[in-house]
Amino acid sequence: MIYLDHNATTFLDPHVLAAMEPILSGTLGNPSSTHRFGQAAKALLAKATKEVAAYFGVQTADVVFTSGATEALNMVIRSAPKGGHIITSSLEHIAVLEALKFTGCEVTYLDPEPGHGALSLKQIVEALTPRTSMLVVMAANNETGIKTDLDPIAAFAQERGLKLVVDGVAQLGKEPSKLPQGVTAACFSGHKIHAPTGVGVAIVRRAHRAHPLILGGPQQRGLRGGTENLAAIVGFAKALTLFPESSAPIAHLRDRFEKDLQASLNDLVIHGADQPRVCNTSHIAFLGVDGETLLMQLDLAGVAVSHGAACSSGTLEPSRVLLNMGVSRDSARSSIRFSLSRFTTEEEIERAVRIIANVVSQLRAYTYKVEN
Ligand code: PLP
């Protein structure tokens, strides 16, 4: 089976597992306990916190471990002062969109400009009102890989004293993630970077004035009650050390994948191919083919991929992200997301291209037969 769905989740890196193993099987205490077992756990927690802070270029006091990015995003977004105005994009992850509903703020959801897959500073400036207090943007889109030009937005937010929340999930590990000064909060997820599920990080700078979502003990400076998930936290910190130095090898594989598919099949549209994208993501419309059928046939043929979003009523809807980017319903319906990782091999890409070309050709031939 060839796994090309790393934006959904990743496998645990064996080195991450090795770092976690002594904690899972040993006799470590609760980091809040005063005895030596507790102190040993506390030291490991402090070390992991320091490593995470150093990776993002922030203070240790800015690091809050959570259960994942959904919780982190809820915490930092729901810290918005009530009654204000928030600007975001219609392309954000559902975790952002749902959290925004509970802020008590007016929210402006911007579609990107025609032909684009990310918000621009110009659009944000145009949507600004005197009550705007927070911006929420994603560093890269999880469906298309298209990157937001974050630096000018961060500089603007800093100049205007606006809070800026960055959903960094789809970018982490693909390229360096030092946070620009104007970012007041940023959220990341363990299971997208070959660390375990059940751990995430919120980087929360003092200027964000966050309050806790999970109330309980005084852990993590009162910003997230509950005993820390130490093994997963240590795994997260370890995963940060294993990122490839350069994104070039994965980008090379992704580009080769797209080129070889284009050479094998007609009527393909690679969404966002002309825009800056993270190295591992490719979202492609196979025109004339139903994406859901294609996904199932590829699964049977040995390639695991992903297609749009299943809406709550159970009927399959084309990707909201593609539709909000201005992609036609037909094109969105025929689209499949492929996402690679550092474990994806050249041989897998070659094999995947052959399988996809076969399956798409068969489905097109069948559709052609039925229609005629
Ligand atoms: N943000 C983005 C861009 C994502 O892709 C995801 C997960 O798919 C999340 C947030 C939520 O992350 P988690 O699964 O850690 O809650």
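A residue is called buried here when its relative accessible area is under 20% and exposed when that value is over 50%, and I start there because the point decides how we read Q171 in this predicted model. With a relative accessible area of 15%, Q171 is therefore buried, although its place is in the loop between β6 (163–167) and β7 (185–189). The C-alpha atom of Q171 is separated by 9.1 Å from that of C279, a residue 108 positions away along the chain.

A second loop residue can be treated in the same manner. T344 lies in the loop between β14 (335–339) and α12 (346–371), and since its relative accessibility is 8%, it also counts as buried. A polar atom of the T344 side chain lies 2.9 Å from the backbone nitrogen of S341.

Let me turn now to the ligand. The residues around the ligand are G68, A69, T70, L73, H93, M138, N142, D167, V169, S189, H191 and K192, and, taken by class, this shell has four nonpolar, six polar and two charged residues. Helix α3 (residues 69–77) provides the largest share of the shell, namely three residues.

Which side chains place a polar atom beside an oxygen atom of the ligand? For H93, a polar side-chain atom lies 3.2 Å from a ligand oxygen, while for H191 the corresponding distance is 2.8 Å. In the case of K192, an N or O atom of the side chain is 2.5 Å from an oxygen atom of the ligand. As for the cover that the protein provides, 86% of the 390 Å² of accessible area that the ligand has on its own is covered by the protein.

My last topic is helix α8 (residues 248–264), for which we can compare an expected span with the one in the model. The helix has 17 residues, so that at 1.5 Å a residue, multiplied by one less than the number of residues, α8 should span 24 Å; its end C-alpha atoms are 24 Å apart, which agrees.

How, then, are the buried and exposed residues of α8 arranged around its axis? The buried residues in α8 are I250, A251, L253, R254, F257, E258 and L261, and because these cover an arc of only 165 degrees around the axis, they are on the same side of the helix. On the other side of α8, by contrast, P249, K259 and A263 are exposed. I would add that the buried side includes R254 and E258, both of which count as charged by residue class.

Note on methods. Residues numbered from 1 in each chain as written. Predicted model: local features only at pLDDT ≥ 70, side-chain atom pairs only at ≥ 80, totals over all residues. Heavy atoms only, no water. Near = heavy atom within 4 Å. Polar contact = N/O pair within 3.5 Å; in protein donor to acceptor, adjacent residues only side chain to side chain. Areas by Shrake-Rupley, 256 points an atom, 1.4 Å probe, with all protein chains shown as cover. Helix = DSSP H or I, 4+ residues; strand = E, 2+ residues; numbered from the N terminus. Buried < 20%, exposed > 50% of the residue type's maximum accessible area, 1.4 Å probe, protein only. Arc of directions from axis to C-beta.
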